Protein chains: 2
Amino acid sequence: MSTGTRVLIGPDASPWLREAVLAADAIVVDDPQLAQAVVWRGSDHERLARLLDEAPNAALVQLGAAGTDAWAPTGLFDDGRIWASAKGAYSEVVAEHALALTLALLRELPRFVRADGWLPQAGTSLFERTVLVLGADGGIGREFIRLVAPFRPRVLRGLRHAVLDEDDRTLPLDEALAEADVVVLATPLTERTRGLLDARRFASMRPTSIVINVARGGVIDTDALVEALSTGRIAGAALDVTDPEPLPGGHPLWSAENCLITPHTANTLEMLEPRLAQRITENLRRFASDLPLIGVVDAAKGY
Amino acid sequence: MSTGTRVLIGPDASPWLREAVLAADAIVVDDPQLAQAVVWRGSDHERLARLLDEAPNAALVQLGAAGTDAWAPTGLFDDGRIWASAKGAYSEVVAEHALALTLALLRELPRFVRADGWLPQAGTSLFERTVLVLGADGGIGREFIRLVAPFRPRVLRGLRHAVLDEDDRTLPLDEALAEADVVVLATPLTERTRGLLDARRFASMRPTSIVINVARGGVIDTDALVEALSTGRIAGAALDVTDPEPLPGGHPLWSAENCLITPHTANTLEMLEPRLAQRITENLRRFASDLPLIGVVDAAKGY
């Protein structure tokens, strides 16, 4: 009998997930009693909780999601098992989407898309602008800073407890917001970041500035954003995530000309699958060799 | 009396042009007979020709445009003077626009801009794609390759006489087109490049590929492009330049959903002025010191 880790895949063992597990020389099992690790796709935490009740030997739970804000409040992370999310696995493509949205807004592409005739020139350049990245030490934030580097931006890095400028000097968030031409949201959604950009924060920003959200919709106070866009308090926003999500038909953001909305598509299924497969294989290999895992969730932080 | 170069600015001596000349310790003159150099903004070559007839001592003509396709056929470049264009001065912002258009098409932003509701996920990533840059040795082409480098693309470089792959092996243009996910046009418009992308070339391309034109509209056979887009021969096109230009109202490209058109706005006046001012100052300094100038036009090539 093989000595590979016995892994239960749920809620459905798609062939590509099975392949990712087998690539780590692990074994796929159906019986929770046998499982030493669980790989779980999707967001059904109640079903996973019931499964784990019957899986006393499962020491590792590998989630497919990078953002764990829906999981943290369930208390599951405190169950004594190792929980790993996919955080970092999708950073490249999500940061790419953030750059696509940034350039699209700066170059006023939405207006040109809607036009059916030759408009006057418009647009501003990203070169040498001040970019504030909230969540600059996370996977997406670090990757965005790498992608944007050829434009020689001044990068302000928003970390958990401070904002640092290019010389690592601390500055208050409101001051950073006042200096930024582009504000990129790449933080986890936690009780600390919920509603982080609210009316008071928008009031600190430049009328020429733009906001890009590839984190979670709840990091922005949506009503305050609607107000900031309609009054010209900021120049524009591009959102891959919204609150509520999906954004319902008729919501004022749909008709705001300076708001570009994409349907949580920074990381499509086509992009996700190979990246998650690679992460699963790597973490199961590490688990089998008692090496540190990638993307381990800090239960206290919630991500 | 100062010994600075005597420079005539035409057709109008805007304050910022005057400042650029003075910054080189040169002198602004109005009398063509006195002019040792001419700085010329705009495209009125007949007026410039008449001026030069009265300016026997003008050894240098510095143009404000980067593309000289409208000038080359006039024969002016053969008059024995040094002709310098602004080629290279705007490369950064034009390449930036090309990247904005590339990412916008790959991420299907035009479709999301037009939507007023939550669509299914869509989009592809630029990471590790094959990018063919036609005009890869020019200022815009080189800069585009630099901006796109963080995405680890396979870059095929279209030069004047050959296409080179990442190992500097020559490959036929049709083969390069067949391998490319993204084709970026950054060539000068000459008799060699006019209509370069025609029906036969589009037929070589992948149905998933996209074309970005930040060069000149005439590098593409417009009718062939309309056909290629409407039949799904290629997936999309983004054009900052068109043929004819401006593209007239009612032209089929305006209603092609997979065509994104911006109104020759890669390099807005706001971006242009500081960059041209810097080029003028630099070239007048070099001229005064008998140093090689930047952007000298090769009359035989026409750019």
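I superposed copies by least squares on the C-alpha atoms of residues with pLDDT of at least 70 in both. This is a predicted model, in which local features need pLDDT of at least 70, side-chain atom pairs count only at pLDDT 80 or more, and totals for chains, interfaces and linings use all residues. Residues are numbered from 1 along each chain as its sequence is written, and chains are lettered from A and ligands numbered from 1 in the order in which they are written.

**Entry 1: the two chains.** I laid chain B on chain A. The RMSD is 0.0 Å, after a turn of 180° and a shift of 0.0 Å along the axis. That is the relation of a two-fold axis. I then checked the contact residues (C-beta atoms, placed from the backbone, within 7 Å). Of those in chain B, 100% recur in chain A, so the same surface serves both copies.

**Entry 2: domains of chain A.** I noted domain 1 (6–89 + 268–288) and domain 2 (91–261); such bounds come from an automatic or database domain assignment. Their centres, taken over C-alpha atoms, are 32 Å apart in chain A. Five residues of domain 1 and seven of domain 2 make the contact in chain A.

**Entry 3: two helices.** I looked at H1 (residues 15–22) and H10 (residues 269–288) of chain A. Their axes lie 8 Å apart, at an angle of about 30°. That makes H1(A) roughly parallel to H10(A) (angles under 35 degrees count as such). From H1(A), I listed A:Trp16, A:Glu19, A:Ala20 and A:Val21 as contact residues. H10(A) adds A:Glu273, A:Ala277, A:Ile280, A:Thr281 and A:Leu284.

Conventions: Two residues are in contact if their C-beta atoms, placed from the backbone, lie within 7 Å. Axes are lines fitted to C-alpha atoms, for helices over the stretch in contact, and angles run from 0 to 180 degrees between N-to-C directions. Helices (H or I, at least four residues) and strands (E, at least two) are DSSP runs, numbered from the N terminus. Angles under 35 degrees count as roughly parallel, over 145 as roughly antiparallel, 65 to 115 as roughly perpendicular and the rest as oblique.
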